[in-house]
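Hi everyone, thanks for coming. I'd like to walk you through a structure today, so please have a look at it first.

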Amino acid sequence: MHKKLYEKIKKEIRAENILEDDGHSRFKMNNPRGKTALVDNIPFLFTCDEKNKLVCRKNHSIVVENGIIVKIAPAKKITGRNFDIVYDAGKRGGIVVTPGFINAHSHPPMYLLRSAMTLDEGESIDKTIAAMPEWERAMTDEDYAFATVGDLTEQQKSGVTTTLSHYAVYAPIEAAARATKHNIINAVSVASNTHPQNSPELIRKIIQKKEDNWESQLAMALHYVHRGNDKIFREVKKLSEKYNLLFTCHMAESESVAKRCVERHGLREVALLEKYGLLNERTVVSHAIYINEKEIEKLIENQVGVVHLPTSNVIHKSGTFPLWKFFDLEKLSSVALGTDGVVSKSRLDLLTEAYQTRITHLYSRTVKFGTLFKMMTVNGARVLNMPDRGKILPGMKADLAFWKLKDRGFIPFDEKNPMTLLGNLITHGGRIVRDLMINGRFVVKGRRHQRVDESKLLQVLQKRHMKMRRRVARKKKI
Ligand SMILES: [Zn+2]
């Protein structure tokens, strides 16, 4: 199934005639398909070190082999080797390098709903949310696949290299991951409003059909905790343990959802997950607004990953995440950021979400830029149980974002205190990467996506969006 969808994507929107070397760029392509790369002369490199301390390395170079970072050293110290690709980050005003960002919560197929939902004014937000499944049911598998390509390429252009997708379908997400070369956790609903046939059995079926060359990492999702029942929770627990699968759910997003769980199960959401042994490091909960201090302690104690989505919380009038309680207990190390879907956020990047985090919680204290940087990188890796990413260190995956220094988002900054660059990136950020490396390959080069023709993609999405609108309108008339 995903192969057919992948072929369709390739046929319609694959990028062609990408310039391997345009003569004056930072790239020297000795062997464009080779597996070694040198990122040379980086004026400013931001990362957390082995002890999770944020550092800025000046004038360094990175060596990449087979998709892995193998060496970081002061520039000019790495010589005497022929690399397949040499990227001169010191050229033309210079480049700031950060780890690729980690988006711990999103709903990529909803990309096709942009304008269908957010910008239809006049209705209340509750009506908008209630209408969502109706629009989603009017989408086909091909729609989900192309919409996911739209969502992921937008994320990539703003520096995201790993994303947790929470949705009800598996194959369209896998096909889009292949087409975009994005690192995806493909969390499939075990119970769904839009896909009532979904159950834990579907996860088993996907595992049985598993082909070795999957590019997405399978996981399980549940839209609301209260939707689960005894059978579902027991199965989720079994599957999670047997196959080491992550389990993700929206938790305590609104007061009414929190109440509904007590009405249906006689327990609050945290207690319900605890009852089924689902409070552990393989569980990722998003929002977590209506939870008390004891429950926060329990989540931290059991290493549950938490995703903060401040823009979504404001747009949907959900409430405010108890960020300072997490901060005081464990410096937010188990809290990552997410974009949510287009219905819940203006643009699909984490820099604006980091800034939103800062201004949302400013009334009490200030979330420091270093903490926000960690939320986008190392905390994301911790929340998604992916210790191989989020830092620029030897042995880590070569997922790197390259930001042009001579840019209004960075300049002016204090040359004696390069951390001011990081403050600028977050405060004046929300911009497009110059280049992006995923698993050692350049996926975005010179602001152009290397795998997807964005011009064709936008045309396809526009057509499919209008078709979906017509299908919804026809249904309403019946
Ligand atoms: Zn969500």
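I'll start with the whole chain, then go to the domains, the core, and a few local details.

A word of caution first: what you see is a predicted model. The chain holds 16 helices and 18 strands. Along the principal axes, its C-alpha atoms fill a box of roughly 65 × 50 × 45 Å. Does the radius of gyration suit a compact globule, or what else would we expect for 478 residues? A compact globule of that length would come out near 23 Å, and the chain has 22 Å, which agrees. Of the 478 residues, 50% are buried. And if you take the contacts with a separation of 6 or more, 75% of them link residues 24 or more positions apart.

Now to the domains. The chain is divided into domain 1, which is 17-100 + 392-450, and domain 2, which is 101-383. Their C-alpha centres lie 29 Å apart. In the contact you find 24 residues from domain 1 and 25 residues from domain 2. On the domain 1 side, β2, β6 (95-99), α15, β16 (435-438) and β17 (441-445) each supply at least two residues. Which of these gives the largest share? That is α15, with five residues.

Domain 1 is written in two segments, and L400 is a nice place to see them meet. L400 sits in strand β15. Its C-alpha is 4.7 Å from that of P99, although the two are 301 residues apart in sequence. Setting aside residues up to four places away, L400 touches V97, P99, G100, I392 and M437. L400 counts as buried, because it has 30 C-beta neighbours inside 10 Å, where 20 would be enough.

Let's move inside. The largest nonpolar core has 141 residues, and V149 and M220 touch the most other members. Strand β2, residues 36-48, gives the most to this core, namely eight residues. Where does the core lie with respect to the domains? Both domain 1 and domain 2 give residues to it, so it lies between them. As a reminder of the general picture, nonpolar side chains tend to be buried together in soluble globular proteins.

Take V149 as a guide. Beyond its neighbours within four places in sequence, V149 is in contact with I9, I13, A176, A179, T180, V452 and L457.

Helix α3 covers residues 141-157, so V149 falls in that stretch. At 1.5 Å a residue, its 17 residues should span 24 Å, and the end C-alpha atoms are indeed 24 Å apart. Is α3 enclosed or open? Of its 17 residues, 15 are buried, so α3 is largely enclosed by the rest of the structure. Just after α3 comes G159, with a positive phi of about 95°.

Next, please look at β2 again, this time for its pairing. β2 runs antiparallel to strand β3, residues 54-65, and ten bridges join them. One spot to click on is I42, which stands opposite H60 in β3. The hairpin of β2 and β3 has five residues between the strands, and N52 there takes a positive phi near 65°.

β3 also pairs with strand β4, residues 68-74, again in the antiparallel sense, over six bridges. Here the bridge partner of S61 is A73 in β4. The β3 and β4 hairpin has two residues between its strands, and N66 in the turn has a positive phi of about 50°.

To finish, a few backbone details in the loops. A252 is not a glycine, yet its phi is positive, at about 45°. You'll find A252 in the loop between β11 (247-251) and α7 (255-265). Is A252 buried or exposed? A252 is buried, with 25 other C-beta atoms within 10 Å.

D340 is another residue other than glycine with a positive phi, near 60°. Its loop runs between β14 (335-337) and α12 (350-360). D340 is buried too, with 25 other C-beta atoms within 10 Å.

Last stop: the peptide bond between I411 and P412 is cis, with omega about 5°. P412 is in the loop between β15 (400-404) and α15 (419-427), and α15 is the helix we met at the domain contact.

That's my tour, and I'm happy to go back to any of these spots.

Notes. Residues are numbered from 1 along each chain as its sequence is written. This is a predicted model: local features need pLDDT of at least 70, side-chain atom pairs count only at pLDDT 80 or more; totals for chains, interfaces and linings use all residues. Helices (H or I, at least four residues) and strands (E, at least two) are DSSP runs, numbered from the N terminus. The radius of gyration is taken over C-alpha atoms; the globule rule is 2.2 Å times the number of residues to the power 0.38. A residue is buried if 20 or more other C-beta atoms lie within 10 Å of its own, exposed if 12 or fewer, and partly exposed in between; C-beta atoms are placed from the backbone. Two residues are in contact if their C-beta atoms, placed from the backbone, lie within 7 Å. A nonpolar core is a set of buried Ala, Val, Leu, Ile, Met, Phe, Trp, Tyr and Cys residues joined through C-beta atoms within 7 Å. Domain bounds come from an automatic or database domain assignment. The expected span of a helix is 1.5 Å times one less than its number of residues. Two strands pair if DSSP finds at least two bridges between them.
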